[in-house]
Amino acid sequence: MSTTLEQVEKTAQLSKNNQMSLMIFQVQFPKENYQPPYYGMNVFKVREVLEARAYDVSEMPDANPLIEGMIELRGVYLPVINLPKWMGFEMTEEEREKSIIIVSDFSHNFVGLRVSHIHGVEEKNWSDIHPAGNYNVNVNTNQIVNHTYLQNSDTLCFILDIEKLLIEAMPTMAEKIFASAKDVSKVEHDFRQEIYDKTILFAEDSKSIQKYMGMVFDQLGLKYICFDNGRLLLDYIDKKESLNDISMVFTDLEMPVASGHTVIRELRENPRSKPMPVIVHTSMTSENNSREVIAMGANYFIGKVDTDLIVETIMKVETDFIDWLSQ
């Protein structure tokens, strides 16, 4: 089996068991009497890791200050985001020479993230990933969505809200995203009455994406309830006497406590929720990921953030799930 296939199979097995591989890095270099914080990113979003000194960064006129410029990688131009700057730190020229660029894929947006050092990769259970809190550490908590701990230690590792980073670093993209959410009401959407009468449940830990999805549903005139992680959504369903007032479930994949994979599995194992339409809404948009969650029992798979596709998917639900909606 090739290395790539081995990695895909390993990642799929981890996902099914509510686990993930976390690439751990730092955005500052250690100094005397100071050990910088650690940060993590799902390995599934990492395409490759580059030595920054090997790539010239071309300036981009009128770019956001967080965008250093573009690098060419095998004929493809990628924006490089200054992650330390976003976190409130500055790199010296010497540190930039020693730095690393992580090439990442977020909903088919390929970007380079400058970091100082790759600590390594650790396998984590999603129950070991905890929602953000107040930390007695020199970090900007506005950028943190979750946290965990390094293996066999009490050292914190922070999970960054990368969606928030992309929205702040690429304001043109953000403007288009939120404009599409606001403009969705300009096109007349005539859903079945049950879609309006019942409630959409969605699990999403990024506050930026929560705001976006809430805006889309508001503009469409649909009722919804948002949950910060998959376990909260599952607990809500478990406590309900009847599920007749739920139209569908949207779930992210990467969430603390219980991932979207756990949401899918538990909904399908429960006879009451087994026939419920489940839509995965994620920035982990590889074809392998799509096949995996559909095989687990999700009905639809859409990338963040695509307003037209959200509307199209709701229209598919009302056609494909007449029996569920009519109860």
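Modeller: Quick bit of vocabulary before we start: a residue is called buried if its relative accessible area is under 20%. And keep in mind that this is a predicted model.

Colleague: Okay, so why does Y300 count as buried?

Modeller: Y300 has a relative accessibility of 10%, and the cut-off is under 20%, so Y300 counts as buried.

Colleague: And what makes F321 count as buried?

Modeller: Its relative accessibility is 15%. That value also falls under 20%, so F321 counts as buried.

Colleague: Let's try F227 and Y236. What makes that aromatic pair tilted?

Modeller: The centres of F227 and Y236 are 5.3 Å apart, with 50 degrees between the planes. Rings pair within 6.5 Å, and tilted is what's left between stacked, under 30 degrees, and edge-to-face, over 60. With 50 degrees, the F227 and Y236 pair is therefore tilted.

Colleague: Are those two residues buried or partly exposed?

Modeller: F227 is buried, with a relative accessible area of 9%, whereas Y236 is partly exposed at 26%.

Colleague: Why is the pair of Y300 and F321 edge-to-face?

Modeller: Their planes are at 65 degrees and their centres 6.4 Å apart. Over 60 degrees counts as edge-to-face, so that's the name this pair gets.

Colleague: Which parts does the Y300 and F321 pair tie together?

Modeller: Y300 lies in strand β16, and F321 in the loop between α11 and α12, so the pair ties together parts that are 21 residues apart in sequence.

Colleague: How many aromatic pairs does the structure hold?

Modeller: Nine aromatic pairs. There's also one aromatic cluster formed by F202, F217, Y224 and F250.

Key:
Residues are numbered from 1 along each chain as its sequence is written. This is a predicted model: local features need pLDDT of at least 70, side-chain atom pairs count only at pLDDT 80 or more; totals for chains, interfaces and linings use all residues. Side-chain values use heavy atoms; hydrogens and water are left out. Rings of Phe, Tyr and Trp (its six-membered ring) pair if their centres lie within 6.5 Å; planes under 30 degrees apart count as stacked, over 60 as edge-to-face and the rest as tilted. Buried means under 20% relative accessible area, exposed over 50%, partly exposed in between (1.4 Å probe, protein chains only). Helices (H or I, at least four residues) and strands (E, at least two) are DSSP runs, numbered from the N terminus.
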